[in-house]
Amino acid sequence: MIDGKRVLIILPAWNEAEGLPKILREIQQKLPGVDTLVVDDGSVDDTAAVAAAHGSKVAQLPYNLGVGGAMRFGYRYAHLHDYDIALQCDADGQHDPSYVPTLIAKLDEADLVIGARFAGEGSYKVRGPRSWAMKLLSVVLSRVARTRLTDTTSGFKACNKPMIEFFSQWYPVEYLGDTIESMVGAARCGFVIRQVPVAMRERTTGTPSASPIKATIYLARAGLVLLLAMIRRMPKHLKLIQPATKKAAAPRRELAGRS
C-alpha cells in the first residue's frame, strides 16, 4: 500500500523472461507495499514461470493479444480485486519505478496520469516521421483533454479507482488503441488527464524498431487511429461511471455556494 491505498502495477509481457527479474526486483526494493501483476501475453518463453518465481501475481493469456488486450485483462483484475490505483509499466525496464509515487501524487488532481518523456526530464529523443506523429498527436489530444500533453503514446500511466472501472469495461485492443484511443475515450467521458515528467531508460531486452519505413507507417496508422477515436461512439453505460475528480469538485462547489 501507498498512503493507505492498494496499488497494483500491471506489466504486460511478451517473451520478457530475460528482463523481468531485474524490473520485478527493483519494484520490490523501491515499492515494497505495491503488488505486481505480470500479464503473459501468449509468450513462448518462460515469462510466466520467471514472474511467479520472483513473487509476482501472474496471468497467462492463451495467445498474443497485444498490449491493449493484456492491459484490459489487467484493469479487470484490478477492478475485481478492489485496487485503488493501477499503473501500467513496461516489462523491458524502460520505466523507472522511482517515479511511481510521483504519478500517484498527481492523481490528487486527475483520474489518469501519464509519465511523459518529453516534458523536460531525461534525454529521450525521437526523430523523423515517428516524431512528427507524436507531435501531431500531442497537439490534438491536448485540445481534447484540455491540458498540455507532450507524450500521448507513453506506456507509463497511473489511474484511480473510477478510471480502473472505466478501463475494465472499455479498453481498446487495436493498434495504438491502448494509448491514443483509450485517452480520447477517457477525455470524452469527462475524466481528467494530466502528465508528469519522467526520464526514460534504455530497454534491457529486445530491439526497438526505428527504420524510416516503419516510422512512416507509424505516422499513417497513428493518424488513422486518432481519426477513428474521435468519431467512434462511446458506449452509453460508460458515462454512468463518475470520475473521482468530479466527485471531489462537488463538495467544493457546495461550500462555495454556502459562503
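Is R146 buried or exposed? With a relative accessibility of 77%, R146 is exposed (over 50% relative accessible area, while under 20% is buried and anything in between is partly exposed, using a 1.4 Å probe and protein chains only). Keep in mind that this is a predicted model, in which local features need pLDDT of at least 70, side-chain atom pairs count only at pLDDT 80 or more, and totals for chains, interfaces and linings use all residues. Residues are numbered from 1 along each chain as its sequence is written, and side-chain values use heavy atoms, leaving out hydrogens and water.

Let's stay with R146 for a moment. You will find R146 in the loop between α5 (128–145) and β6 (157–159); helices are DSSP runs of H or I with at least four residues, strands are runs of E with at least two, and both are numbered from the N terminus. Most residues other than glycine have a negative phi. R146 is not a glycine, yet its phi is positive, about 60°.

D82 also has a positive phi, near 60°, without being a glycine. Look for D82 in the loop between α3 (66–80) and β4 (85–88), where D82 is partly exposed at 43% relative accessible area.

Now turn to strand β6, the home of K157. K157 is buried but has no salt bridge (a side-chain nitrogen of Lys or Arg within 4 Å of a carboxyl oxygen of Asp or Glu). The nearest side chain of opposite charge belongs to D178, 5.2 Å away; Lys and Arg count as positive, Asp and Glu as negative, and His and the chain ends are not counted.
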